[in-house]
Amino acid sequence: MSMAVVGLLAGMALAFAGYFGGFGAFLLVAALGAVGFVVGRFLDGDLEPGDLFRGRERDERRR
């Protein structure tokens, strides 16, 4: 399944949630979709747990 089709399905799901459930349902579906996306990336091996919590590396230390 192409990423365009996945995006289309996600957009349709958000549209249905917003139409039938209101703005709160829209936000809930969007938040759970984002969590599912991150979990899927972890399970695929594309993302490691430290990638989310590691700060930016700099040559200079903060003062």
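## Pocket, surface patch and two leucines

The largest pocket holds about 230 Å³ of space. This comes from a predicted model. Residues Met3, Val6, Ala10, Ala13, Leu14, Val29, Ala30, Gly33, Ala34 and Phe37 form the lining of that pocket. Sorted by class, the lining has 9 nonpolar residues, 1 polar residue and no charged residues. The polar one is Gly33, because glycine is counted with the polar class.

The chain contains 2 helices and 0 strands. Of its 63 residues, 3% count as buried. The surface exposed by the chain is about 5,800 Å², and carbon and sulfur atoms supply 63% of that area.

A nonpolar patch of about 1,200 Å² lies on the surface. Its members are Met1, Met3, Val5, Val6, Leu8, Leu9, Met12, Phe16, Tyr19 and Phe20. Met3 and Val6 appear in this patch and also in the lining of the largest pocket.

Leucine 8, a member of the patch, lies in helix α1, which covers residues 3-44. Leucine 27 is found in helix α1 as well. The table gives the accessibility of each leucine.

| Residue | Relative accessible area | Class |
|---|---|---|
| Leucine 8 | 53% | exposed |
| Leucine 27 | 43% | partly exposed |

Leucine 8 is classed as exposed because its relative accessible area of 53% is over the 50% cut-off. Leucine 27, at 43%, falls between the 20% and 50% limits and is therefore partly exposed.

Leucine 27 and alanine 17 are separated by 10 residues in sequence, and their C-alpha atoms are 8.7 Å apart in space.

Definitions and conventions:
Residues are numbered from 1 along each chain as its sequence is written. This is a predicted model: local features need pLDDT of at least 70, side-chain atom pairs count only at pLDDT 80 or more; totals for chains, interfaces and linings use all residues. Side-chain values use heavy atoms; hydrogens and water are left out. On a 1 Å grid over the protein atoms alone, a cavity is a set of points where a 1.4 Å probe fits but cannot get out, and a pocket is an open set with protein on both sides within 12 Å along at least five of seven lines; lining residues have an atom within 4 Å of a point. Grid points are joined across faces, edges and corners, and a volume is the space filled by probe spheres set on the points. Patches are made of residues with over 30% relative accessible area and no salt bridge: like charges are joined within 9 Å, nonpolar side chains (Val, Leu, Ile, Met, Phe, Trp, Tyr) within 5 Å. Accessible areas come from the Shrake-Rupley method with a 1.4 Å probe; for residues, only the protein chains shown count as cover. A salt bridge is a side-chain nitrogen of Lys or Arg within 4 Å of a carboxyl oxygen of Asp or Glu. Helices (H or I, at least four residues) and strands (E, at least two) are DSSP runs, numbered from the N terminus. Buried means under 20% relative accessible area, exposed over 50%, partly exposed in between (1.4 Å probe, protein chains only).
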